[in-house]
Amino acid sequence: MIDSLFLFFTEVVTLIEIAVIVFGYFNKTYQDKLFKWVYYFMVLSLVTDIYSKILARLAINNLHSIHVFLIGEFIFFSLFFKELLKDYLSLKVIKGIAIVVIGFSIINSIFIQPIHTFNEYARSVEVVFILFYCFFYLLRVVPKVDNLKDFRLQKHIFLFVGATGVYFLSLFFFFSLGTLIQKYGLADFFALYYVLAAIIYFSLIIWVLWIHRKKAGSSLYS
């Protein structure tokens with residue numbers, strides 16, 4: 001039963017990824033200085049998703065794809081937060097964090113958890129730093145919004161960062177407890193949970209991009 005639901009919802013994830021990319025393409029999200037990095041992240045997610053499914057159907061180990069995906073994902077989120085936090089967080093700090101995460105991911109893939117195994121250690125480290133960006137924004141930037149007009153103009157950004165924090169916090173528990181999940185035979189249940197979380201998060205991205213387009217006006221997309 002869980003296997004069937006998992007397969008069904010993975011197809012739903014793919015359809016939502018395609019929907020986000022198509023929507024972003026026609027609305028020229030890839031030209032926006034902030035949300036283009038979210039768009040590129042979704043493109044990466046779709047490509048990785050399709051590639052992994054092809055290998056799975058050919059009965060070929062596809063775990064190496066998540067090692068590569070992690071690096072790309074973190075680069076795009078780092079670039080997003082670099083733009084969002086440019087007045088609050090030093091570029092040197094963001095570059096330093098990127099070097100730590102990517103460097104550890106490569107070391108982990110070579111020496112600790114080889115590329116054809118699950119990279120839960122590197123994934124946990126990546127998630128911790130994405131959560132750092134999210135909480136830094138919510139704790140340092142949001143309190144500085146002192147009038148209703150500014151809040152309304154930026155509420156979709158607050159929503160996206162908050163949702164990103166919740167999504168990656170849930171992933172943190174998923175990946176950091178990977179060994180225990182396998183030990184107690186809960187892998188199928190948590191895999192289903194992971195897919196459902198992705199469906200909710202990716203669906204929210206469509207809404208955020210739509211609000212952003214309406215608020216930004218045509219000048220950003222011309």
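In the predicted model, the largest nonpolar core holds 57 residues, of which Phe80, Phe160 and Tyr201 touch the most other members. Two or more residues are given to this core by each of the following elements: helix H1 (2-26), helix H2 (36-57), helix H3 (64-84), helix H4 (91-112), helix H5 (120-141), helix H6 (148-176) and helix H8 (187-216). In soluble globular proteins, nonpolar side chains tend to be buried together.

The surroundings of phenylalanine 160 can be described in detail. When residues up to four places away in sequence are left out of the count, phenylalanine 160 touches Phe35, Val38, Phe77, Phe80, Tyr201, Ile205 and Val208. Two of these partners, Phe80 and Tyr201, are named together with Phe160 as the residues that touch the most other members of the core.

Helix H1, one of the elements that contribute to the core, was examined for its length and its buried positions. The 25 residues of H1 should span 36 Å at 1.5 Å a residue, and the end C-alpha atoms of H1 are 36 Å apart, so the expected and computed values agree. The buried residues of H1 include Thr10, Val13, Thr14, Ile16 and Glu17. Val20, Ile21, Phe23 and Gly24 of H1 are also buried.

Just after H1, lysine 28 takes a positive phi of about 60°. Lysine 28 is found in the loop between H1 and H2, and this positive value occurs in a residue other than glycine. Because its relative accessibility is 33%, lysine 28 counts as partly exposed.

A positive phi is also found at alanine 59, where the angle is near 60°, again in a residue other than glycine. Alanine 59 is placed in the loop between H2 and H3. The relative accessible area of alanine 59 is 72%, and this residue is therefore exposed, since the term applies to values over 50%.

Nonpolar residues also occur on the surface. A nonpolar patch there is formed by Ile106, Ile107, Ile110, Phe111, Ile112 and Tyr121, which together have about 620 Å² of accessible area. The most is given to this patch by H4, with 5 residues. Tyrosine 121, another member of the patch, lies in helix H5. With a relative accessibility of 42%, tyrosine 121 counts as partly exposed, because that term covers values between the 20% limit for buried residues and the 50% limit for exposed ones. Both H4 and H5 thus appear in two settings: each gives two or more residues to the largest nonpolar core, while H4 gives 5 residues to the surface patch and H5 contains tyrosine 121.

Notes. Residues are numbered from 1 along each chain as its sequence is written. This is a predicted model: local features need pLDDT of at least 70, side-chain atom pairs count only at pLDDT 80 or more; totals for chains, interfaces and linings use all residues. Side-chain values use heavy atoms; hydrogens and water are left out. A nonpolar core is a set of buried Ala, Val, Leu, Ile, Met, Phe, Trp, Tyr and Cys residues joined through side-chain atoms within 4.5 Å. Buried means under 20% relative accessible area, exposed over 50%, partly exposed in between (1.4 Å probe, protein chains only). Helices (H or I, at least four residues) and strands (E, at least two) are DSSP runs, numbered from the N terminus. Contact means heavy atoms within 4.5 Å. The expected span of a helix is 1.5 Å times one less than its number of residues. Patches are made of residues with over 30% relative accessible area and no salt bridge: like charges are joined within 9 Å, nonpolar side chains (Val, Leu, Ile, Met, Phe, Trp, Tyr) within 5 Å. Accessible areas come from the Shrake-Rupley method with a 1.4 Å probe; for residues, only the protein chains shown count as cover. A salt bridge is a side-chain nitrogen of Lys or Arg within 4 Å of a carboxyl oxygen of Asp or Glu.
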